[in-house]
Structures are given as structure tokens and as C-alpha cells.
Amino acid sequence: MLSAFIIISFLLTIIVTFPSSPTIKQAVTNSYVGAKLLANTSHFESVLNEIFGGALNETLNFLTVESASNKVVALHYTVLNGSVDGKAEQQMFQMLNTQRIQQGLPPLAFDMKLRDVARSHAADMFKRGYFSHYSLEGVSPFDRMEKAGIGYQYAGENLALAPTTTLAMQGLMNSTGHRANILSPNFHKIGIGAINGGIYGEMYVQEFTN
């Protein structure tokens, strides 16, 4: 039974991770059993990543880089026609504030200027085939905020590439640096950008300020 569980979990992970039919992916991720198996697989891989360490945090169905890292990861593909997923943005916003409330912290306010910065960076990463807090020209999250006229004393950014919002949030909460941003008492505002890349999953960017 244990062997069957591992094999099925692995096969479902392959289905939602590699470019394939969006209909099949949706059927797996919307299934109660499928979602549970994917979550368990992702958690196991996250534990292994913490053991081996490093700026890059990657599982079969989740990709991120540590919030303080300047590492640039090549995606080896581009998405030129990605679309804004406002529903995913609001879902992630609600999930994030649920985590804060559970820890006795006040919820964050959704900021449209931060959202626009987040959307723009998420779209740029897909269009030019990279994954990083820094653009290919070396522009940082703080540079992007300042260019948009956003003032702050404290600021941070989380990135995630995953098939679903649930898997993205789970991966971020399992990562020490990203969890610290989500649960930081110094932050009071957030903007979330989500770009749907079709068969390549969704690109998520969370921008935090005080």
C-alpha cells in the first residue's frame, strides 16, 4: 500500500508539473484526493531541500529563490501570452491573511500599486524566461517599488512558480525566509501578482511594505 501511495503521488506530480493538457491538470488539482497527494509530495521534497540547503528551493511542483538571494534561474522556456489571474491573486491574499490571523497577527491590506509592480515582474519573468528577484538588467524589488512611487521603511518580496495557488502557498510557508515575510509584524501592506502561463503553471509575486 505504501509503495502504491508513493507511485501514485509521483505520477500525479508528473502530470501537473510537465507541460500537458490543462484539462487533465485541472482534473488532478481539483480532485480532493489528488490535491492531498500532491501536497504530501511537495512537503516531503521541501524537507529534503531544507536538509541540503541553498538559495534555490525547488520541488517537482514548486520553484522559488530565497528572498535575499540575487540568483537568476533560467526557465528554458518563455510565455509570451500569459494572462493576469485576478482570482488566484485574491485566493492567495485570503490564504496569506489566514496564516497571519492564526499566528495572532493583523491581516495585511491589499495595495493596488504593489499589485501592479508584482504583476509586471511576474509577466517579465515569463516573457524573458528567467526566475529571480532581480531583472536581467539587475533591477531589484526595491528599485521597482521606488520607480512606481511607493514609499516604505520595510519591504520584501516572495516569488513562486507552481501549478496552483495552494501548492504555491504551501511551498512558501515551508520555506523559512518566505514564511518570515508572510508573518512579519513589520509589514502592513501587500500586493500580489499572478500570471497564468497555461501548461507551465502560474507565476506568483508577493510584494510587502510597512
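Start by selecting S69: this residue is buried, with a relative accessible area of 10%. Keep in mind as you look around that this is a predicted model. S69 sits in the loop between β2 (62-65) and β3. Now show its side chain together with the backbone of K71: a polar atom of the S69 side chain lies 3.0 Å from the backbone nitrogen of K71.

Next, move along to H76, in the loop that links β3 (73-74) and β4 (83-84). Is H76 buried or exposed? With 74% relative accessibility, H76 counts as exposed, because the cut-off for that label is over 50%. Check the backbone here too: H76 is not a glycine, yet its phi is positive, at about 70°. For context, most residues other than glycine have a negative phi.

Now turn to the interior. Select L96, M169, I182, I190, Y204 and F208: within the largest nonpolar core, which has 22 residues, these touch the most other members. To see where this core comes from, colour α4 (86-102), β7 (155-162), α7 (165-173), β8 (189-196) and β9 (202-209), the elements that each give two or more residues to it. Which element provides the largest share? That is α7, with 5 residues. In soluble globular proteins, nonpolar side chains tend to be buried together.

For the last stop, select L161, I195, M203 and V205. They are among the 18 residues of a second core, separate from the one you just viewed.

Terms used:
Residues are numbered from 1 along each chain as its sequence is written. This is a predicted model: local features need pLDDT of at least 70, side-chain atom pairs count only at pLDDT 80 or more; totals for chains, interfaces and linings use all residues. Side-chain values use heavy atoms; hydrogens and water are left out. A nonpolar core is a set of buried Ala, Val, Leu, Ile, Met, Phe, Trp, Tyr and Cys residues joined through side-chain atoms within 4.5 Å. Buried means under 20% relative accessible area, exposed over 50%, partly exposed in between (1.4 Å probe, protein chains only). Helices (H or I, at least four residues) and strands (E, at least two) are DSSP runs, numbered from the N terminus. A polar contact is a pair of N or O atoms within 3.5 Å; within protein, one must be able to donate a hydrogen and the other to accept it, and residues adjacent in sequence count only if both atoms are side-chain atoms.
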